[in-house]
Amino acid sequence: MLLKKIKDIQNTLNQKFFEREREIEGLILALLSRQNVLLIGLTGTAKSALISELSKAFSGSNYFQWLLTKYTTPEELFGPVSLKELEIGVYKRNTANKLPEAHIAFLDEIFKSNSAILNALLTLINERIFYNNGGIVETKLISLIGASNEYPEEEGLEALFDRFLLRFELGYLNEGDHFKKMLKNQNGNISVPTMTLEELGNAQQFVSMIQIPEEVFDKLIEIREDLAKEGITPSDRRFKQSMSLLQAKAFLDGRQTVNISDILILQNALWEEPSQKNKTMEIVQNLAVDTVTRILERVKLEVHDLQKEFEKEKANGGVDLGNVISEVNSKLAILRKELETLKQQNPARENEIQVKIQELIDLAKSNSAELVDF
């Protein structure tokens with residue numbers, strides 16, 4: 001039931017925000033694992049709108065949103081000093097409705113943070129505590145999402161940048177159809193389903209119990225070594241925090257155990273500087289995708305191309321449709337033979353491979369009444 005509610009929220013957000021599936025999954029994983037997310041993108045890429053809609057999905061949660069500038073004061077984020085307390089010599093902030101009492105927070109243009117608020121912000125983001133009148137206050141923060149139009153360039157912001165485990169770059173919409181739907185506000189009025197804050201907490205408990213097998217740890221060591229060869233050295237803390245992301249990914253996929261392919265999410269977590277992003281993604285993708293998954297993905301792409309070839313010929317009047325059908329079915333038969341061999345070599349993945357074989361059979365049936373020996 002918990003997983004279904006979370007998936008419903010994810011699917012609805014995917015309907016409302018075109019071409020943001022990757023970021024939406026990352027945000028949900030962050031909430032499940034109590035991690036932080038950074039969104040880098042030009043103005044007008046729906047960063048604040050997306051986070052606002054996401055926050056509404058968790059009833060009972062406190063949401064705090066603020067646009068930072070170089071003139072932002074500590075009072076704006078952490079609350080004003082209580083004058084009543086100050087009269088008796090106590091320097092205490094009234095944090096009601098401010099960042100220290102938020103469950104989910106969104107700070108836009110976060111790298112505009114000035115020195116007056118940076119230290120308190122760093123402590124709150126990383127350790128989830130806030131110092132008020134010299135005392136330590138445990139905050140309610142689950143996840144903080146930061147956004148910026150650009151990467152930080154000023155010195156002194158490295159620590160703040162490092163506080164965000166997941167980092168995503170957002171661009172403008174690519175697909176013309178999506179752009180048209182956005183202009184028409186199609187799906188924009190869909191209501192996002194909700195779950196309670198207590199239910200989210202229960203889901204986080206389940207996430208913490210997801211098992212991580214030895215082969216995943218071994219693969220992470222391999223990734224760490226390959227990154228180091230390229231001069232990319234994520235901190236031990238970053239790797240440690242990543243474990244909760246892997247558990248959240250397995251939970252979101254309905255599994256009780258992390259598998260190697262879950263490591264793919266770390267391509268958005270293990271780089272330190274923007275210049276390292278592409279190489280990190282390349283290394284993680286090469287090592288996190290096992291042979292079976294790699295072949296299945298390739299077959300998926302090839303089948304998609306064959307389907308396009310078939311549909312194109314039909315749209316052109318089908319003059320040469322018979323030859324195209326014969327050629328497509330012949331290629332499908334070759335792919336099926338490859339998958340049958342793969343199934344024999346990987347009995348533990350038999351069901352997964354059989355699903356793909358059935359897709360090939362169904363496609364062949366849709367192409368022709370006279371099938372090759374399939």
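Q: What makes α11 stand out in the lining of the second largest cavity?
A: In this predicted model, helix α11 (residues 236-252) gives the most to that lining, with three residues. The full lining is Asn126, Asp162, Arg163, Ser235, Arg237, Arg238 and Gln241.

Q: How do you know which classes line the second largest cavity?
A: Asp and Arg count as charged, so Asp162, Arg163, Arg237 and Arg238 go there. Asn126, Ser235 and Gln241 fall among the others, so they count as polar. The result is no nonpolar, three polar and four charged residues.

Q: How many cavities of 30 Å³ or more does the structure hold?
A: It holds two. About 40 Å³ of space lies in the largest cavity, and about 30 Å³ in the second largest.

Q: What makes the lining of the largest cavity nonpolar, polar or charged?
A: The lining residues are Ile6, Ile9, Ile28, Leu31, Leu32, Phe58 and Leu200. Ile, Leu and Phe count as nonpolar, so the lining has seven nonpolar, no polar and no charged residues. Helices α1 and α2 each supply at least two of the lining residues, and α2 gives the most, with three.

Q: Why are α1 and α2 called roughly parallel or roughly antiparallel?
A: Helix α1 (residues 2-16) and helix α2 (residues 21-33) pack at an angle of about 150 degrees, with their axes 9 Å apart. Angles over 145 degrees count as roughly antiparallel, which makes α1 roughly antiparallel to α2. Their crossing is right-handed.

Q: Which residues make the contact of α1 with α2?
A: On the α1 side they are Ile6, Gln10, Leu13 and Asn14, and on the α2 side Glu21, Ile24, Glu25, Ile28 and Leu32. By class, the contact has five nonpolar, two polar and two charged residues. Among the residues of this contact, Ile6, Ile28 and Leu32 also line the largest cavity.

Q: Why is a space called a pocket and not a cavity?
A: A pocket is an open set, whereas in a cavity a 1.4 Å probe fits but cannot get out. The largest pocket holds about 620 Å³ of space. It is lined by 23 residues, of which Lys249, Ser261, Leu264, Thr293 and Glu297 lie nearest its centre. Helices α2, α13 (291-315) and α15 (350-367) each supply at least two residues of this lining. The lining has six nonpolar, five polar and 12 charged residues.

Q: What is the volume of the second largest pocket?
A: Its volume is about 290 Å³. It has 14 lining residues, of which Lys16, Phe17, Ala46, Leu173 and Met182 lie nearest its centre. The lining divides into six nonpolar, five polar and three charged residues.

Technical notes
Residues numbered from 1 in each chain as written. Predicted model: local features only at pLDDT ≥ 70, side-chain atom pairs only at ≥ 80, totals over all residues. Heavy atoms only, no water. Axes fitted to C-alpha atoms, helices over the stretch in contact; angles between N-to-C directions. Helix = DSSP H or I, 4+ residues; strand = E, 2+ residues; numbered from the N terminus. Parallel < 35°, antiparallel > 145°, perpendicular 65-115°, else oblique. Left-handed = near helix turned anticlockwise from the far one by under 90°. Contact = heavy atoms within 4.5 Å. 1 Å grid on protein atoms, 1.4 Å probe; cavity = no way out; pocket = protein on both sides within 12 Å on 5 of 7 lines; lining within 4 Å. Points joined across faces, edges and corners; volume = space filled by probe spheres on them.
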